[in-house]
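These are my notebook entries from a reading of one protein structure. I set down what I looked up, in the order in which I looked it up.

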Amino acid sequence: MTQPPLQAVLFDMDGTLVDTERLWWEAVQDIATGLGRPLTEADQPEVLGRPVEHTAAWLTALTGAPGLADRLHREFTERVRTGIVPRPGALDLLDALAREGVPTALVTASPRAVTDSVLAVLGADRFRVSVTADDTARTKPDPEPYLTACRALGVDPAGCVAVEDTPTGVRSAEAAGCAVLAVPSLAPIETVPGRTVVASLEETSVSRLRGLLGTRLRVMSWNLWHGGAKVDDHRAKQLKVVLDTEADVVGLQETAGTAARELAEALGWHHHQAGENLGIISRHPITAGHGDLEVGFYGATGARIRVDGTHEVDVWTAHLHYTPYGPYEAAFDGLPAAELIAHEDMRLAQMRDALRQIAEAAGPTTPVVLTGDFNCPSHLDWPQVAWPVTRAAEEAGLRDSYREAHPDPVRAPGHTWSPIHARHENDPAREEPQDRIDYVLHNGRGLTVTDSRTVVTGVPRAWPDIAGNDWPSDHAAVLTTFTVHRVE
């Protein structure tokens, strides 16, 4: 877990840095009133944060009056020439960012002509990049303006904070993947994870902007395959995987009783072991264990992990029974969906028991991550089969992090079974069904997925010639990177 660097701060212009949002509202209000359609608060989403063309088309549809874009532009430009006023704290914040070497960009839905007038007041040299409505095919609330600014600066949106004053601009920045500091001018903006709302830029400092990026937490789910004993030097290879992936927490299955402790001791980490099969290792302190310490080979266990000085995340690991195995029944036996679903009763009961334990341990705002080898596919991957185990997790409020990062199962199947079995172990004449049966799920409370991928080291040789493989398992691992948000 690390605090990511603040790569850049991206500022909206109208209403955020200068008090032009009020001027824009007044310009539209004057013209609309003259057309017999005075504006109300309900009209704000069509006006605030919108480009001239959008508001003109909307007002034309309401009134039938043509040529409104030019009228609105002239009316607004005249007000800008005579009424530009920096918002409180804006220039001080820009100067502080410059002193600390943090790049800034201006990202606005206003046209270039208006933007240049404002830059003349603010100082164009305060910004490395400016993106206007004339510079992109789509403007706010589309993410393109913010993505364009990030590309021009050569930065990752996930490492940037966008400063906005309207719901339209907030949607644009969040869709681009930026953290958001909202400073509402006319329309209210609610606080949600990943978004902080303040009354004024005077309440903001560079250190506070850095804090908005949240904390990176990498969680991996990994079935060790009988502790890894089938592969030579398995413990050293397991340690290398953990270090190379920069995982912060690993939910383990098939630990052979000692793997969690031995890995944690070698890494200088913390660990939680339950039964002979389940374990969790963490580079950060474990403050509590959840579930039955004497759990059997199948089941679930959890640990509460302190991911920073004050905030904690519950991380669970689960292993569900391996038989009957649905992909075999579908591929080899040709069973229809109804029978495949009916054969999931044992795993479904195990999942429901795990979900019950998770709910009992977590508070109403506790971030929860569930890792595991579920030994069944996902309903998100098989449109023809509503696999009940993953549906039960979804209905309990858990999200599939891999599918959040890769929504299309055709383009990104994410197979975890099996990197060493191309042919069926007991019948080499049959191709082994490849599927996604290992997961990192989460409840979204203060957690945002920034990346998720499967992990396999090298190119493993196929069964049974596996002793020398660099990859010491018969499953691929799943590694998800979260941002843990601080909600203010």
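**Entry 1. Surroundings of Thr 371.** I began with the contacts of Thr 371 in this predicted model. Leaving aside residues up to four places away in sequence, I found that Thr 371 touches Val 219, Met 220 and Ser 221, then Gly 251 and Gln 253. The list goes on with Trp 316, Thr 317 and Ala 318, and ends with Tyr 439 and Val 440. Thr 371 itself is part of strand 14, which covers residues 368-373. I then asked: is Thr 371 buried or exposed? Its relative accessibility is 0%, and the limit for a buried residue is under 20%, so Thr 371 counts as buried.

**Entry 2. The whole chain.** I next recorded the overall figures. The protein has 488 residues, and 56% of them are buried. I noted 15 helices and 20 strands. The C-alpha trace spans about 80 × 50 × 40 Å along its principal axes. For contacts between residues at least 6 apart in sequence, I recorded that 66% join residues at least 24 apart. The accessible surface is about 19800 Å², and carbon and sulfur atoms account for 50% of that area.

**Entry 3. Charges.** I noted 43 positive and 68 negative side chains. The centres of these two sets lie 3 Å apart. Side chains of opposite charge can pair when their charged atoms come close. How many salt bridges does the model hold? The count is 29.

**Entry 4. Arg 112 and Asp 135.** I looked up this salt bridge and found an N to O distance of 2.8 Å. The two residues are 23 apart in sequence, and the pair links distant parts of the chain. Arg 112 belongs to helix 5 (residues 112-122), whereas Asp 135 sits in the loop between strand 3 (129-131) and helix 6 (144-153). I recorded Arg 112 as partly exposed because its relative accessibility is 23%. Asp 135, at 39%, is also partly exposed.

**Entry 5. Arg 306 and Glu 312.** The closest N and O atoms of this salt bridge are 3.7 Å apart. Arg 306 has a relative accessibility of 34% and is therefore partly exposed. Glu 312 is partly exposed at 25%.

**Entry 6. Arg 436 and Asp 381.** I found these side chains joined in a salt bridge at 2.8 Å, N to O. This pair too links distant parts of the chain, with the two positions 55 residues apart in sequence. Arg 436 lies in the loop between strand 17 (427-431) and strand 18 (438-442). Asp 381 lies in the loop between strand 14 and helix 14 (388-395). Are the two partners buried or exposed? Arg 436 counts as buried because its relative accessibility is 1%, and Asp 381 counts as buried at 15%. I also noted a network in which salt bridges with shared partners join Arg 235, Arg 261, Glu 262 and Glu 265.

**Entry 7. Nonpolar core.** In soluble globular proteins, nonpolar side chains tend to be buried together. I therefore looked up the largest nonpolar core, which has 50 residues. Phe 11, Leu 17, Leu 181 and Leu 209 have the most contacts inside this core. Which element gives the most to the core? Helix 1 (residues 21-34) does, with seven residues. I closed with Phe 11, whose contacts beyond four places in sequence include Leu 17, Leu 93, Leu 94, Leu 97, Phe 127 and Val 163.

How values were computed. Residues numbered from 1 in each chain as written. Predicted model: local features only at pLDDT ≥ 70, side-chain atom pairs only at ≥ 80, totals over all residues. Heavy atoms only, no water. Helix = DSSP H or I, 4+ residues; strand = E, 2+ residues; numbered from the N terminus. Buried < 20%, exposed > 50% of the residue type's maximum accessible area, 1.4 Å probe, protein only. Contact = heavy atoms within 4.5 Å. Areas by Shrake-Rupley, 256 points an atom, 1.4 Å probe, with all protein chains shown as cover. Lys, Arg positive; Asp, Glu negative; His and termini not counted. Charge placed at Lys NZ, Arg CZ, Asp CG, Glu CD. Salt bridge = Lys/Arg side-chain N within 4 Å of Asp/Glu carboxyl O. Core = buried A, V, L, I, M, F, W, Y, C linked by side-chain atoms within 4.5 Å.
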